[in-house]
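Hi,

Here's the structure I said I'd pass along. Have a look, and then I'll run through what turned up.

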Amino acid sequence: MNHMRVECVGKGFWQPKREVSFVEFVQEGHNLFGGAFTWPIMVLRRSALDHNLATLAAFCREYGFEFAPHGKTTMSPTLWQMQLDAGAWGITLATVNQALVAAKFGVPRVLLANEVLDPGPLRWLATQEGFDFSCFVDSLAGVRVLEQVGRPVSVFAELGFAGGRAGCRSANELVQVVRAAKESGNVTVKGVAGYEGGLPDARAVAAYVDSLKQAALTLAAEGLLEEEVIVTAGGSTYFDVVADGLAGQWLPGHRLKVVLRSGAYLSHDDGFYLEHTPFLRVPEKGSLKAAIELWAQVTSTPEEGLVIAGMGKRDAPHDEGLPVPLRIRGLDGKVRNVSGAEVVRLNDHHAYVTGVQASAGELICFGISHPCTAFDKWRVIPVVEDDYRVSDLLRTYF
């Protein structure tokens, strides 16, 4: 972090006459409202991050699972390291560029939850010393690309479902792919992978998870699995159903390891995941807290019942719901909660807010919906304590 600098043109930072290192900036003890920032700005509350880290770590321990959180959500090496320090087995990623970032920042193990059909990056990733890399495969064409690498490559055979984003559509097809991979000579099949997030409900997910288990049993019966077998699944919406379906030592003759890959849990949100968190089904197993706050200034109150805040599509996710007004910080520094307020529309740099009384110059704190499209809009993100003292700065690499 010593070599990273807060640039004078950094979004949300007000440093027009100087650039300082991240370390220097944090040591200066800035408060979010003390003049070192301008609006809008997105921050993370440390107390919520710590709570969410501990909650998923405890959930995985209860089931005896390993955890490889999906790092594409944040693309922040600092947050990845926090997750590894909390016991994560590795970091899940989605593209070879993301894996390159992880390798450069010393992440020891990456599970790339995607098919890779470009032998150049595969060759580089497979030859990095101290870097445990694996990806998915779901076709004979994919196996042929893996053969071109010329180096040992570890893979997971992916089982999908009709209409899903990838994966073999049947256990028989999966057997063909795994057999071809085993015969290639330089491909090690670590186990079976799946992703249930595109399914409509918990019942459909339970059926799919059972098919994932049956596929692993079929591969074992065909003699196509190693002594240690990893089965991996688990997005952020149904990890409870995945856990119930894959719990226990159900693969005789093999050492079974189950790896969950949820990613959005770390920051959670005030929209999509607030309404879809698995902990709504199993509240006795924990809860998550929204860590992301997006602060924007009221720039105009042009007509009765309409407030315009200086925040828009360039700043906040809008693919799974619009931002949610939470609180207002008055010109006197006092904070008041809001209820019934709603963002009804976003432009590039304007939010149309109804159902709230606010004056020009006041600050509105928004929660967001869908963290996976929030972090990519911010290159540097402050982490704040509950009193809004800045205790860290995160750099993202999208």
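Does E228 count as buried, exposed or partly exposed? It counts as partly exposed, since its relative accessibility is 31%. Keep in mind that this is a predicted model, so everything below is computed from it.

I started with E228 because it is partly exposed and sits in a salt bridge with R255, at 3.1 Å from N to O. That contact joins distant parts of the chain: R255 belongs to strand β11 (residues 255-260) and E228 to strand β10 (residues 228-233), 27 residues apart. R255 is partly exposed too, with 44% relative accessibility.

Salt bridges come up a fair bit here, with 19 in the structure. Another one pairs the side chains of D348 and R314 at 3.4 Å, N to O. These two are 34 residues apart, and both sit in loops: D348 between β16 (342-346) and β17 (351-354), R314 between β13 (306-309) and β14. D348 is partly exposed at 36%, and R314 is partly exposed at 47%.

Then there's R336 with E362, at 2.9 Å from N to O. R336 lies in strand β15 and E362 in the loop between β17 and β18, 26 residues away along the chain. Here the two partners fall in separate classes: R336 is partly exposed at 33% relative accessibility, whereas E362 is buried, because its relative accessible area is 7% and the cut-off for buried is under 20%. There is also a network, in which salt bridges with shared partners connect R45, E293, R327 and D386.

R336 leads us to the strands. It is the bridge partner of I328, within the pairing of β14 and β15. Those two strands (β15 covers residues 335-337) run antiparallel over three bridges. Five residues lie between them in the hairpin, and G333 there has a positive phi near 90 degrees. β14 (residues 324-329) also pairs with β18 (residues 363-367), again antiparallel, over five bridges. In that pairing V324 stands opposite G367.

Last, the annotation. An unreviewed UniProt entry places "domain: D-serine dehydratase-like" at residues 291-385. Over that stretch the chain is 46% strand and 0% helix, and its end C-alpha atoms are 11 Å apart.

Over to you!

Notes
Residues numbered from 1 in each chain as written. Predicted model: local features only at pLDDT ≥ 70, side-chain atom pairs only at ≥ 80, totals over all residues. Heavy atoms only, no water. Pairing = 2+ DSSP bridges. Helix = DSSP H or I, 4+ residues; strand = E, 2+ residues; numbered from the N terminus. UniProt positions renumbered as here; feature names shortened; annotations may be inferred. Salt bridge = Lys/Arg side-chain N within 4 Å of Asp/Glu carboxyl O. Buried < 20%, exposed > 50% of the residue type's maximum accessible area, 1.4 Å probe, protein only.
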